[in-house]
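Trainee: I have a model open and would like to learn how to read its features. Could you walk me through it?

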Amino acid sequence: MAFLPQQVPSAGLPSAITICEVGPRDGLQNESRILPVEVKVEFIERLVDAGHRLVEVTSFVSPRWVPQLADAEQLLDRLARVPGVRYPVLVPNERGLDRALERGITDIAIFGSATETFAQRNLNRSVEDSLRMFEPVVRRAKDAAGRVRAYLSMCFGDPWEGEVQASQVVSVAQRMMDLGCDELSMGDTIGVGTPGQVAALLEALVAGGTPIETIAVHFHDTYGQALANTLEALRHGVRTVDASAGGLGGCPYAKSATGNLATEDLLWQLHGLGIDTGVDLAKSVATSRWMAAQLGRPSPSRAVQAIGNQ
Ligand code: HMG
Ligand code: MG
């Protein structure tokens, strides 16, 4: 019999949360090996079969900037979309939005930066100019009855600028939400944050007028803090957590960014706490082991490794 966590709830936590599975996008954008589109489609279909209802599938960015995801159109043309499942995509500019709309996609995510250096490196423009670039994207997506997530990167530290002040994060976050976005995903792009910082930032955001119900967290796991940070965020009322199957992930334009919080590590903790995710741990592990074989290296997820050895 497979070993599963013993269920022992803890006070102050929700009974259910939503996982935003970012493996096909954040995971595969950073791989040196470009996978065939059929493999990407199978990856997404397996994730949906495991129970995910929110899977970020690709990016409509410049193919010169992220060649790993240059096949976004082919991917969406081949992907059989299951009713009730959301398949959002990243869109930086109007060109990206046009490509998404041509494929009937209105569930999008823009992605800004709390710091100037990363805005320049990731979007080739200042924070101010990136907000200007996003404005028509959000307006047109909302006119098309779409849903817009706003990612904000480098909220907890920046590899070039060092510490990032909460006031700076809150200010850019508010300007992104004021564009008309539905959700804010707070990115610890390089995985340096710790729980006290998570609490302080969430409190500052809420005090600044961003409702906690609209905030998601996006933790990379570079320093092994992602699970602790997630638990802190849940205690503060966050109900959407980003994670990546098998702990894939990173950003080609952020020095020292490693994989995202692994979905399986998150599932182990949440299921142990009796928090419903709708996602099957065994199927998730099987998918990540299959993907590890495609990529030719083992998954960094502790739960994937441990369950694989049972
Ligand atoms: P640019 O070079 O300033 O843009 O890049 P441009 O408008 O001058 O265009 C350059 C070329 O790209 C042109 O082609 C455009 O047509 C084309 P050319 O005429 O030279 O042949 N182009 C496009 N092609 C297809 N789709 C498009 C598109 N836009 C322009 N949408 C740009 C500006 C924003 C395009 C570029 O910087 C870019 O694509 N950046 C994306 C970088 C990226 O995807 N990074 C990873 C995602 S963010 C992340 O991972 C963090 C996150 O996970 C949260 C966290 O962890 O913190 C979300
Ligand atoms: Mg990321």
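Trainee: Is histidine 218 buried or exposed?

Mentor: Keep in mind that this is a predicted model. The general idea is to compare relative accessible area with a cut-off: under 20% is buried. Histidine 218 has a relative accessible area of 5%, so this residue is buried.

Trainee: And what about histidine 220, buried or exposed?

Mentor: Histidine 220 is buried too, with 4% relative accessibility.

Trainee: Which residues are the protein donors of the magnesium ion (ligand 2)?

Mentor: Those two histidines are among them: His218 and His220 each donate through NE2, and Asp26 donates through OD. The donors lie 2.1 to 2.3 Å from the magnesium ion.

Trainee: How are the donor residues spaced in sequence?

Mentor: The pattern for the magnesium ion (ligand 2) is D-x191-H-x1-H.

Trainee: Let's turn to charged pairs. How many salt bridges does the structure hold?

Mentor: The general idea is that side chains of opposite charge can pair when their charged atoms come close. The structure holds 18 salt bridges. One of them joins glutamate 42 and arginine 46, at 3.2 Å from N to O.

Trainee: How far apart are glutamate 42 and arginine 46 in helix α2?

Mentor: They are four residues apart in helix α2 (residues 37-49), so about one helical turn separates them. Glutamate 42 is partly exposed at 34% relative accessibility, and arginine 46 is partly exposed at 26%.

Trainee: Which residue forms a salt bridge with arginine 103?

Mentor: The partner of arginine 103 is aspartate 77, with 2.8 Å between the closest N and O atoms. Arginine 103 sits in the loop between α4 (94-102) and β4 (107-113), while aspartate 77 belongs to helix α3 (residues 72-78), so the pair ties together parts 26 residues apart in sequence. On accessibility, arginine 103 is partly exposed at 24%, whereas aspartate 77 is exposed at 51%.

Trainee: Where do lysine 142 and aspartate 182 lie?

Mentor: These two form a salt bridge, their closest N and O atoms being 3.0 Å apart. Lysine 142 is in helix α6 (residues 127-143) and aspartate 182 in the loop between α7 (166-178) and β6 (183-188), so far along the chain that the pair links distant parts, 40 residues apart. Lysine 142 is partly exposed at 31%, and aspartate 182 is partly exposed at 27%.

Trainee: Which residues do salt bridges with shared partners join into one network?

Mentor: Arg25, Asp26 and Glu56. You met Asp26 earlier, as a donor of the magnesium ion.

Notes: Residues are numbered from 1 along each chain as its sequence is written. Chains are lettered from A and ligands numbered from 1 in the order in which they are written. This is a predicted model: local features need pLDDT of at least 70, side-chain atom pairs count only at pLDDT 80 or more; totals for chains, interfaces and linings use all residues. Side-chain values use heavy atoms; hydrogens and water are left out. Donors are N, O and S atoms within 2.8 Å of the metal (3.2 Å for Na, K and Ca); water is not among the atoms, so sites may look incomplete. Buried means under 20% relative accessible area, exposed over 50%, partly exposed in between (1.4 Å probe, protein chains only). A salt bridge is a side-chain nitrogen of Lys or Arg within 4 Å of a carboxyl oxygen of Asp or Glu. Helices (H or I, at least four residues) and strands (E, at least two) are DSSP runs, numbered from the N terminus.
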